[in-house]
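Let's take a walk through this structure together, one neighbourhood after another. Please have the view ready to rotate as you read.

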Amino acid sequence: MQATSAQLREPQLATAEHHLFERLGKSLLFNVETMLFYEVTPVTRDLMGLLADPAAPGDAADLSGTYPDAEIQAAVGYLVREGFLRPAGTPPPPRLVLRRRRGIRHLELMLTHDCNMRCRYCYGMDAAPGREPGPYLYGSNAKGMSYETAVRGVDFLFEASGPIQDLSVIFFGGEPLLEWATLKRTVAHIREQEKTTGKTVDISLSTNGIQLTPEVVDFLVREKIGCQVSIDGPPAVHDRTRCLPDGSGSYRAILPGIRRLIQARPGRVPARATVSHGALDLAPIADHLLRLGFGSAHLEPNIAADGPLAVTERDIEDLKRQSEGLSRLLVRRVRRNRPFNYTNLVRFIRQTRVVRERLAYYCGAARTYLALSQEGDFYPCHRFVGLPDFRMGGLDAGFDPRLQARILELDVDHRPVCRDCWARYLCGGGCWKHALDMSGGLETPAEHLSCELIRHQIECAMAVNTELNVEDKLILSERYEEATEPYLLADSEEVRHEPSRTGSRHA
């Protein structure tokens, strides 16, 4: 298409839904309709910015004083070809109907509410002095899940999954290793069910590390059980938040077990750090976890409705700056053939490097993923256990699908905030529990906390993708697949891989 400065003043062109942004020193343009993004030159950036601005005066699109008409014409032609511009009056393509999947394939067994630590940000009862008790009973001395309940839960999973062949069971708590005997017997039952049904089960657990004895580590390795360790960083940072019952720091108590596990599984142990208000320096945390030998690190902000350690809106810009620094670190390490699996970012590197089916939801909670409480009741995930309004039936009464049906209706095209967000199909709407904590319901996400951080991480991921070659991006994707939580990959087997146009430079 040829366009002169005069023609650009006329309202002849309409813009597709898109996102134009600057990140890591790059100008990037994302097409929400095609799910492709591009690194663009200044003339394309400025032209798109002006044409997309409904408040711009009639001659604002006249860039002839800055760029030659030939460059402007080439940029317009490029934007038309790639679907960013269309003739005015042309209706946009209809939004695709999102696939709202269900089918239980992941089960989280809440083996115990008891815990041998008292983390200051724990959202459960008896978590720490000075905190209001919550409904979750974490840290209490309540009796653990019986073996019979665990077995019934596993049998439910095998039956409810129907034709689905690849399942997962996650042991959670409290500290699940406190129920060691029940855990071992349940694993044996799972393995027997695999032989009987022909299905395969990925087993994993999350631990604070204190109980990683030689016996436990040998068992985890022998049974190929994944193990994520909760650790908040260097001793000073970790001990500030993750305390023993007497109030002292727990770093020295967890270090022997962590070293034992990493030695048994070098480069394959994931770490999860909770980032709290007052300790937002991400780089030292990541560096410490790398030096300990963890294969991946997930740095999750402490997003809660209240509490002195909860991340606030005033922390967001600092966290963004820190996350951008980790993005640059990741690129440097990959170029030195020393990849760092910062899963917050690598998740979106993986999602944005190819054209993918649009995400309707953030995770599989209540749709493909359930948590089973000690009492035998179902909940969307461990964060909801103990909240009566989110109970989804139980082993005795049967699974109650009403909340599942409600969540299925709340895809990103039908939620406030989400339906108008450029990142909705890459994010999926954010954590349901964050939405409940911040807005009082599931409908509205935590816009000024979770949403801001997720959008920024997606921008960083796109910018990083323009820096890496195809092999590097594939390696990072594979590492993420091995390290992430299963509920975030609930729909991964149905992803459609196609060539990407990331990183391309155009006029």
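Is Cys363 buried or exposed? Cys363 has a relative accessibility of 8%, and because the cut-off for buried is under 20%, Cys363 counts as buried. Keep in mind throughout that this is a predicted model.

Let's stay with the cysteines for a moment. A disulfide is a covalent bond between the sulfur atoms of two cysteines. How many disulfides does the structure hold? The number is 0. Cys119, for instance, takes part in no disulfide, and the nearest cysteine sulfur to it belongs to Cys115, 6.1 Å away. A disulfide needs two sulfur atoms within 2.5 Å. Cys119 is buried too, at 9% relative accessibility. Back at Cys363, the closest cysteine sulfur is in Cys381 at 6.5 Å, so the two are too far apart for a bond.

Now turn to the start of the chain and find strand 3, which covers residues 26–31. How many of its residues are buried? The count is 6 of 6, so strand 3 is mostly covered. In a regular strand the side chains alternate between the two faces of the sheet. Here, Lys26, Leu28 and Phe30 point one way from strand 3, while Ser27, Leu29 and Asn31 point the other way. All of these residues are buried, whichever way they point.

Strand 3 has a partner on either end of its story. With strand 2, residues 18–23, it runs antiparallel, and 6 bridges join the two. One place to look is Arg23, whose bridge partner in strand 3 is Lys26. The two strands form a hairpin with 2 residues between them. Leu24 sits in the loop between strand 2 and strand 3, and its phi is near 55°, a positive value in a residue other than glycine. Leu24 is also buried, with a relative accessibility of 11%.

Strand 4, residues 36–40, also runs antiparallel to strand 3, and 4 bridges join them. Here Asn31 stands opposite Leu36 of strand 4. The hairpin of strand 3 and strand 4 has 4 residues between the strands, and Met35 takes a positive phi near 65°.

Phe30 leads us from this hairpin to the aromatic rings. Ring pairs link Phe30 with Phe21 and Trp422 into a cluster. In the whole structure, the count comes to 9 aromatic pairs. The rings of Phe156 and Phe378 form a tilted pair, because their centres are 4.6 Å apart and their planes stand at 35°. Where do these two residues lie? Phe156 is in helix 4 (residues 147–160) and Phe378 in strand 14 (residues 378–379), so the pair ties together parts that are 222 residues apart in sequence. Both partners are buried: Phe156 has a relative accessibility of 18%, and Phe378 has a relative accessible area of 1%.

Phe340 and Tyr342 make a stacked pair, because their ring centres are 6.0 Å apart and their planes are at 15°. Phe340 is buried at 2% relative accessibility, and Tyr342 is buried at 2% as well.

Rings can also have a charge over them. Which ring does the charged end of Arg185 sit over? That ring belongs to Tyr147, and the distance to its centre is 3.7 Å. Elsewhere, Arg358 lies over the face of Tyr425, at 5.5 Å from the ring centre.

Let's finish with the backbone in two more loops. Gly173 and Gly174 are joined by a cis peptide bond, with omega about 25°. Gly174 lies in the loop between strand 7 (166–172) and helix 5 (180–197). Further along, Asn337 has a phi near 60°, again a positive value in a residue other than glycine. Asn337 is placed in the loop between helix 10 (316–335) and strand 12 (341–342). Is Asn337 buried or exposed? With 63% relative accessibility, Asn337 counts as exposed, whereas Leu24 in its own loop counts as buried.

Notes. Residues numbered from 1 in each chain as written. Predicted model: local features only at pLDDT ≥ 70, side-chain atom pairs only at ≥ 80, totals over all residues. Heavy atoms only, no water. Buried < 20%, exposed > 50% of the residue type's maximum accessible area, 1.4 Å probe, protein only. Pairing = 2+ DSSP bridges. Phe/Tyr/Trp six-rings, centres within 6.5 Å; stacked < 30°, edge-to-face > 60°. Lys NZ or Arg CZ within 6 Å of the ring centre and 35° of its normal.
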